[in-house]
Amino acid sequence: MNDQPRTTRRRTLLGAAALGLAAAPLLGGTASADQGSNGQGSNGQGSNGQGENGSGRGRGAFVTARGGELRLDGEKFRFGGTNCYYLHQQSHYMIDAVLNDAAAMGLTVVRAWAFADGDGRSYRALQPKPFSYDEAAFDSLDYAVQKAGQLGLRLVLPLVNNWPDYGGMQQYVSWFLGLADDSYGDGTHHDRFYTDANCRKAYRAWAKHVIQRRNRHTGLRYADDPTVMAWELANEPRCRSDKSGATLLGWAREMSAYVKSLAPRQLLAVGDEGFYGRADEADYPYSNYEGNDWLKLTALPAVDYGTVHVYPQNWGETSGSKPGTNATDWGTRWITDHLADGRKLGKPVVVEEFGLQIDAGRDIADTAARDAAYRAWTDAALASGAAGDQFWLLTSRVDDGSFYPDYDGHRVMWNNDPANPTRTTAQLFAAHAKAMASSS
């Protein structure tokens, strides 16, 4: 998730979450993590207790990419999924709660962070200092991989954040160059991450450590566990200081080949948002403002599939900001444009983050309007051949039994209490996940 540069910052959710959680219950009662917030038990309706995903195919095989499709056990693999970034930092209870809910919804892929950089923060760092790793701090991520595997879920794990939440690229720049954070500015300091030799060396070392380390709960090295469907080079990488896109493309070419050499049986994606990088285009997401070119990044030989994020409200693609534009319709076009271009490239495409806030001034008046938009987007993904899609974001209960706070207005909860304001949204995504699995 990210901000369009001409709007208010919205990435406070990750920083706020890292401070710790103690919220009053939003809905009546509490539930144990073993039951999940829908009370259906740890297997739920989306898992058969045999370590299989919703398609009925076993988790022992790796998902592969071939002929413009994702494949599993020799068959096409399509999925409805979600994001839950906080799995790498939270208790077993919280991990159980949200992954049980994902399985109960019939979701098959969850995207979560595999980074936490820099000591002295509110979170527990996985990498307190360059080339120094806190093995005890990996317990949450290790457990999340084990739990996901038991439920038949697959994980997508980005290796660094573009944004300073949980350290990110700026932490590397601070470690080696001592430069101030300008991640939300022109990125001149931030973008040294891509070119500084020490930053690149530390990133490569981090990637190698995570991918090759042995999970204390499963006994498997991450690279040998098919539960990890894919690695991503970064969450939403950008390089505003080089509008040509050459700097980011060069870094992605080098790092994609390196990460693929570490994990040859797992998929690899860049993790970018899909910006087209056109010098002659004024419309922000199609322009070169962010210094990346989705077509060139997706075409890299070591990249298995393209990623797309959809946030028209953040990017100024609303009727209030641009008369004649509607957030829902714009998002549908953004999705179908990328799916058509992915077919031309011969690469699968995953709509891996999408979200809308309820805001009448930005085209979404209420839950019904947001549900209608999400239905239009997921229908477009299904009909136009997306390999998968992952809404932002599924959350569940925290340690005191209450529900995870709605930090950014995108929270979706599976709990089917009628008081749940996102009940219909969760049901929509559950039905879509079933339709995607059935189309495989």
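## A walk through the fold

Start by selecting strands β7 and β8, which pair in the parallel sense over 3 bridges. What you have open is a predicted model, so treat each stop as a look at computed coordinates.

**Stop 1: strand β7 and its neighbours**

Within this pairing, pick Trp231 and look across to Leu268, its bridge partner in β8. Now add strand β6 (residues 154-158), which pairs with β7 in the parallel sense over 4 bridges. Here Leu155 stands opposite Val228 in β7. Is β7 enclosed or open to the outside? 5 of the 5 residues of β7 are buried, so the strand is largely enclosed by the rest of the structure. While you have these strands on screen, remember that strands of a sheet pair through backbone hydrogen bonds, either parallel or antiparallel.

**Stop 2: helix α7**

Next, select helix α7 (residues 246-262). Its 17 residues should span 24 Å at 1.5 Å a residue, and the end C-alpha atoms are 25 Å apart, which agrees. Show the side chains of Leu248, Leu249, Trp251, Ala252, Met255, Ser256, Tyr258, Val259 and Leu262: these are buried. What covers them? Among the elements over the buried residues of α7 are α5 (192-195), α6 (197-212), β7 (228-232), β8 (267-269) and α8 (294-299), and you have already met two of these, β7 and β8, at the previous stop.

**Stop 3: Trp251 and the cores**

Stay on α7 and centre the view on Trp251, one of its buried residues. Leaving aside residues up to four places away in sequence, Trp251 touches Phe193, Tyr194, Arg200, Tyr203, Leu233 and Ala234. Which residues touch the most other members of the largest nonpolar core? In that core of 108 residues, they are Phe193, Trp231 and Trp251. There is also a second, separate core of 15 residues, and Val109, Ala230, Val350 and Ala387 are included in it.

**Stop 4: helix α4**

Move to helix α4 (residues 168-177), where the buried residues are Gly168, Met169, Gln170, Gln171, Tyr172 and Val173. Their cover includes α5 and α6, two helices that also help cover the buried residues of α7. Then step just past α4 to Gly178, which has a positive phi, near 65 degrees.

**Stop 5: two cysteines**

Select Cys199 and Cys239. Cys199 counts as buried at 0% relative accessibility, and Cys239 is buried too, with a relative accessible area of 1%. How many disulfides does a search of the whole structure find? The search finds 0.

**Stop 6: aromatic pairs**

Colour the aromatic residues: a search of the whole structure finds 40 aromatic pairs. For Tyr85 and Trp392, the ring centres are 6.0 Å apart and the planes sit at 10 degrees, so this pair is stacked. Tyr85 lies in the loop between β4 (79-83) and α2 (92-105), while Trp392 lies in the loop between β11 (388-391) and α11 (423-438), so the pair ties together parts that are 307 residues apart in sequence. Tyr85 and Trp392 are both buried.

Now jump to Trp330 and Trp334. Their ring centres are 5.1 Å apart and their planes are at 20 degrees, so they are stacked as well. These two are 4 residues apart in helix α9 (residues 327-345), which means that about one helical turn separates them. Both Trp330 and Trp334 are buried. Expand the selection to Phe275, Tyr276, Tyr284, Tyr286, Tyr289, Trp294, Tyr311 and Trp315: ring pairs link these residues with Trp330 and Trp334 into a cluster.

**Stop 7: an antiparallel sheet**

Head back towards the start of the sequence for an open sheet of 3 strands in the order β1-β2-β3, with antiparallel pairing. Its edge strands, β1 (64-66) and β3 (75-76), each pair on one side only. Between β1 and strand β2 (residues 69-72) there are 3 bridges, and you can select Arg66 to find its bridge partner in β2, Glu69.

**Last stop: the whole chain**

Zoom out. The protein chain has 11 helices and 11 strands, and 60% of its 440 residues count as buried. Of the contacts with a separation of 6 or more, 74% come from residues 24 or more positions apart.

Key
Residues numbered from 1 in each chain as written. Predicted model: local features only at pLDDT ≥ 70, side-chain atom pairs only at ≥ 80, totals over all residues. Heavy atoms only, no water. Core = buried A, V, L, I, M, F, W, Y, C linked by side-chain atoms within 4.5 Å. Buried < 20%, exposed > 50% of the residue type's maximum accessible area, 1.4 Å probe, protein only. Contact = heavy atoms within 4.5 Å. Disulfide = S-S within 2.5 Å. Pairing = 2+ DSSP bridges. Expected span 1.5 Å × (residues − 1). Phe/Tyr/Trp six-rings, centres within 6.5 Å; stacked < 30°, edge-to-face > 60°.
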